[in-house]
Amino acid sequence: MSDPLVVVGGDAAGLSAASKCKREEPDREVIVYEKSEWISYAHCGMPYYVKGEVDSIGDMLSLSPSEVRERGITLHRNHEVVSVDPDSQTVTVARDGEQFEQPYGDLLIATGARAFTAPIEGTDLDDVFTLHHMHSAAALRALLTPPGEADESIFDAGYVDLDELSGYFEREPPETVAIVGGGYVGIEMAEAFREWGLETHLYQRSEKPVPPFGEAVGERVIETLREAGVDLHLNTAVERLAGEDSIERVVAADGAVEVDCALVGIGIRPNTELVEGTPVTFGESGAISIDEYGHTVAENIYAAGDCAEKEHTVTGKPDWVPLGLTANRAGRAIGQTVAGDPEPVGEIAGTAVLKAFDLECGRTGIIDHERAREAGFDPVSETITAGSRSGYYPGNAETTVTLTADCESGRLLGGTIAGEDRAAVRINTLATALHEGTTVGEFEKLDLAYAPPFSPVWDPMLVAAKVLNGSLDN
Ligand SMILES: Cc1cc2nc3c(=O)[nH]c(=O)nc-3n(C[C@H](O)[C@H](O)[C@H](O)COP(=O)(O)OP(=O)(O)OC[C@H]3O[C@@H](n4cnc5c(N)ncnc54)[C@H](O)[C@@H]3O)c2cc1C
């Protein structure tokens, strides 16, 4: 019987698994099916490509199809896996209207996630975009570039259908855009649209943007967006996008605004349909449940990346935080496991960083008190503002840190940071502490580096820990 590792999805998790398995077990047949043209691409760079900061779409591709094949992996692009039969250990693959069966020894579901637009009416109008695919990034860049200025080389990575984009090349760029959703995609895209000079309206249903980054960061993001000239519609639900064929206006609780295009970034959903109806189970988030080795409850079926849950390092419970590093890491671990050397996929802390124009934001762990209580903690938080460097040293910038801990044990649960001077990378100190189960008292005593150009004597993280420790003592 054929024993290949079959991987569904040719990006971060899927190709990490395929490459690792092939390296560990060179004689094993490894087959990757990817439903689109694109493989090994950087979603994360798309806002900066649309902005024009990343020059060519090809710069965001990591491995080419030939490089993947040089690794001994059998790669099939434009092949969609449409069903899984765990009893016969086969998948059905569709290509060009035809289907065939593919047996597997091990199967990895690495199908990622997709943009979610369902609650908003009118997302099918022309010039309404999401940003979850390289095609959308190419289309947006083409739309924003004035006629005659589009150098086709910035679109052509061998994958982009230039004929499909040709309509955009000839049109005058839009002047007004609505961004629906103030999550990280919306904020990063606000920067891109402002760079092209568009009047930019950003709608966010809650009072503050980027809710996973908490109130204090949200406050600083609001200030930054306003300074950058973004029209903020906070606490404002969008009712619908309206127009004849193309979008003409956005209708929201605070009235209607005429716009030429819209970007919808209200969240994503895991791509799990493929294993619905099989014994594979799903967590509360809707993503696939796995054990510490990425194995689902179905024999020889694994899941990794944005389509799967993982154990949260603070709560010890399954959680869904779809991000790049953890997708790559889980894929790599599964590649090693199926090659015969079991490797846990690792835990997640929900560590994320975001650039909002010049403001750097970071978050990690559990910062929402309700979520902390649900996980059995008694949370307390403190927010401080401190300098990023010695006060007398040029470049010192106000840095806002919030730390959250459990009252009873003193254990750190999470935190956030915002500031314009290398604030984002400082979150990694806290993420490390969370993985170690560090208390606030222990964190306060860390020997962090000090020199005037880099940090004040008391790093902002240490200042926050000192204040939070004081609250715990009271
Ligand atoms: C705009 C944007 C910005 C981001 N920025 C960051 C960031 O700054 N930092 C960060 O950590 N993360 C970021 N992310 C998230 C990060 O890109 C994802 O976490 C990561 O790509 C997940 O990798 P994956 O392999 O699980 O899924 P994906 O990268 O989505 O790959 C899944 C692949 O599976 C294919 N597929 C799906 N179904 C099938 C099927 N049935 N048959 C065959 N193929 C199939 C898809 O076509 C896709 O190519 C960003 C995402 C977006 C959209």
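Me: Which helices and strands each supply at least two residues of the shell around the ligand?
Reply: The elements that each supply at least two residues of that shell are α1 (12-24), β4 (80-85), α6 (184-195) and α8 (324-338), where helices (H or I, at least four residues) and strands (E, at least two) are DSSP runs numbered from the N terminus. This is a predicted model, in which local features need pLDDT of at least 70 and side-chain atom pairs count only at pLDDT 80 or more, while totals for chains, interfaces and linings use all residues. Residues are numbered from 1 along each chain as its sequence is written, and side-chain values use heavy atoms, with hydrogens and water left out.

Me: And how many residues surround the ligand, and which are closest?
Reply: The ligand is surrounded by 29 residues, with D11, E34, Y41, D306 and G324 the closest; a residue is near a molecule if one of its heavy atoms lies within 4 Å of it.

Me: What's the mix by class?
Reply: The shell holds 16 nonpolar, 8 polar and 5 charged residues. Ala, Val, Leu, Ile, Met, Phe, Trp, Tyr, Cys and Pro count as nonpolar, Asp, Glu, Lys and Arg as charged, and the others, Gly among them, as polar.

Me: What does D11 do there, in distance terms?
Reply: One of the polar side-chain atoms of D11 is 2.4 Å from an oxygen atom of the ligand. Backbone atoms take part as well: a polar backbone atom of L323 is 3.3 Å from a ligand oxygen, and one of A110 is 3.4 Å from a ligand oxygen. A polar contact is a pair of N or O atoms within 3.5 Å; within protein, one must be able to donate a hydrogen and the other to accept it, and residues adjacent in sequence count only if both atoms are side-chain atoms. As for cover, the ligand taken alone exposes 1,000 Å², of which the protein buries 90%; accessible areas come from the Shrake-Rupley method with a 1.4 Å probe, and for residues only the protein chains shown count as cover.

Me: Switching to charges: how many salt bridges are there?
Reply: The count comes to 18 salt bridges, a salt bridge being a side-chain nitrogen of Lys or Arg within 4 Å of a carboxyl oxygen of Asp or Glu.

Me: Take K208. Where is it, and what does it pair with?
Reply: K208 sits in the loop between β11 (199-204) and α7 (214-227), and its salt-bridge partner is E215, with the closest N and O atoms 3.0 Å apart. The side chains of K208 and E215 are also joined by a polar contact of 3.0 Å.

Me: Are those two buried or exposed?
Reply: They fall in opposite classes, as K208 is buried because its relative accessible area is 15%, whereas E215 is exposed because its value is 56%. Buried means under 20% relative accessible area, exposed over 50%, and partly exposed in between (1.4 Å probe, protein chains only).

Me: What else is in that loop between β11 and α7?
Reply: V210 is found there too, and although V210 is not a glycine, its phi is positive, at about 40°. V210 counts as buried because its relative accessible area is 1%.

Me: And D96, which loop is that in?
Reply: D96 lies in the loop between β5 (90-95) and β6 (98-103), and has a positive phi of about 50° without being a glycine. D96 forms a salt bridge with R95, the closest N and O atoms being 3.0 Å apart.

Me: Why does D96 count as exposed?
Reply: D96 counts as exposed because its relative accessibility is 65%, while R95 is partly exposed, at 32%.

Me: How far apart are R249 and E248, N to O?
Reply: The salt bridge between the side chains of R249 and E248 has an N to O distance of 3.7 Å. Elsewhere, salt bridges that share partners join D3, E25, R28 and D106 into one network.

Me: Last topic: which residues form the nonpolar surface patch?
Reply: Y392, Y393, Y450, V457 and W458 form it, with about 570 Å² of accessible area together. Patches are made of residues with over 30% relative accessible area and no salt bridge, like charges being joined within 9 Å and nonpolar side chains (Val, Leu, Ile, Met, Phe, Trp, Tyr) within 5 Å.

Me: Where does Y392 sit?
Reply: Y392 is in the loop between β23 (379-387) and β24 (398-406), and is classed as exposed because its relative accessibility is 62%.
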